[in-house]
Amino acid sequence: MTNVGISFGAVPAGWVVQVGTLTAYQLMVIGNAIAFVVSAVILVLLPPLTPVPTTGGPRRIALRDRPYLLLTALDGIMAVQFKVLTVAIPLWIVDATTAPHWIVSATMLTGTVIVVAFQVRVGRDVDSPATGAHAYRRADVAFLIARGRPGWYAVGAVFVLTDLAAPPAVRWAQHHRHAPRARLVPAERASTA
């Protein structure tokens, strides 16, 4: 749904960037505000859900799960690739090329169409955490095949290092999950009793 939403916004955004007037940008801000209001109305109309009671376990347990924190950090680094598509490439097109500014919209639209058309097909083989960790490699290869300046390759190197760290991190997390539960210190035992 995110990609479909980006597609709907890419075309008018391309017009705004190409025209480049204050009025065009003001219309974009107004259109964005209207979209937020429509989203809020849709959310208000959804049926309410009763909150699920907490289980009363130890607080902040996720912050004690080091494999989880490592995998979260690695995934956060890989998520930078999305910002490359939505921020870095548009800025590069506008500032460093003589291409018409509407190309920004075309690249965004092309990227979202590719994701919508092929994401399920490419991700079909990702059926476990281990295959998910190895799928990072395909993303790294795809990232490094578009030629770039030294900064592009530096960011690509960060992604490659992340890719190399992902499989052992997943193995560590799986081993940690299947290992016997860590002993609770007395204060934690009392709070969970």
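1. Let me start with the helices around the largest pocket. Five of them, α1 (2-19), α5 (80-96), α6 (103-123), α7 (129-145) and α8 (150-178), each supply at least two residues of its lining. The biggest share comes from α6, which puts in nine residues. Bear in mind as you read on that this is a predicted model.

2. On the pocket itself: the volume comes out at about 1,500 Å³. There are 34 lining residues, and those closest to the centre are Gln81, Leu85, Ala139, Ala142 and Phe143. As for chemistry, the lining splits into 21 nonpolar, ten polar and three charged residues.

3. Gln81 deserves a look of its own. Glutamine 81 sits in helix α5, and its relative accessible area is 18%, so it counts as buried, the cut-off being under 20%. Which residues does glutamine 81 touch, leaving aside its neighbours within four places in sequence? The contacts are Ala139, Asp140, Phe143 and Phe159. Two of these, Ala139 and Phe143, also turn up among the residues closest to the pocket centre.

4. Next to Gln81 in the numbering is valine 80, also placed in helix α5. With a relative accessible area of 38%, valine 80 is partly exposed. Valine 80 and valine 155 are 75 residues apart in sequence, yet C-alpha to C-alpha they are 9.3 Å apart in space.

5. Now for α7. Its 17 residues should span 24 Å at 1.5 Å a residue, and the end C-alpha atoms are 26 Å apart, which agrees. Which residues of α7 are buried? They are Ala133, Ala135, Tyr136, Asp140 and Phe143. Looking down the helix axis, these buried residues fall within an arc of 165°, so they line one face of α7. Ala142 and Ile145 are exposed, on the other side of the helix. I'd flag Ala142 for your attention: it is exposed, and it is also listed with the residues closest to the centre of the largest pocket. Phe143, by contrast, is buried and appears in that same central group.

6. The α4 helix (residues 66-78) gets a similar check. For its 13 residues, 1.5 Å a residue gives an expected span of 18 Å, and the end C-alpha atoms are 18 Å apart, which agrees. The buried residues here are Pro67, Leu74 and Met78. They cover an arc of only 45° around the axis, which puts them on the same side of α4.

7. Staying with α4, is aspartate 75 buried or partly exposed? This residue, placed in helix α4, has 44% relative accessibility, so it counts as partly exposed. Aspartate 75 is 61 residues away from tyrosine 136 in sequence, while the two are 9.5 Å apart in space, C-alpha to C-alpha. Tyr136 is one of the buried residues of α7.

8. Last, a residue in α6, the helix that gives the most to the pocket lining. Serine 105 lies in this helix. Its relative accessible area is 9%, so serine 105 is buried. Where do its contacts come from, once the neighbours within four places in sequence are left aside? Serine 105 is in contact with Ala10, Val11, Ala13 and Gly14, and the α1 helix runs over residues 2-19.

Conventions
Residues are numbered from 1 along each chain as its sequence is written. This is a predicted model: local features need pLDDT of at least 70, side-chain atom pairs count only at pLDDT 80 or more; totals for chains, interfaces and linings use all residues. Side-chain values use heavy atoms; hydrogens and water are left out. On a 1 Å grid over the protein atoms alone, a cavity is a set of points where a 1.4 Å probe fits but cannot get out, and a pocket is an open set with protein on both sides within 12 Å along at least five of seven lines; lining residues have an atom within 4 Å of a point. Grid points are joined across faces, edges and corners, and a volume is the space filled by probe spheres set on the points. Helices (H or I, at least four residues) and strands (E, at least two) are DSSP runs, numbered from the N terminus. Ala, Val, Leu, Ile, Met, Phe, Trp, Tyr, Cys and Pro count as nonpolar, Asp, Glu, Lys and Arg as charged, and the others, Gly among them, as polar. The expected span of a helix is 1.5 Å times one less than its number of residues. Buried means under 20% relative accessible area, exposed over 50%, partly exposed in between (1.4 Å probe, protein chains only). The arc is that of the directions from the helix axis to the C-beta atoms. Contact means heavy atoms within 4.5 Å.
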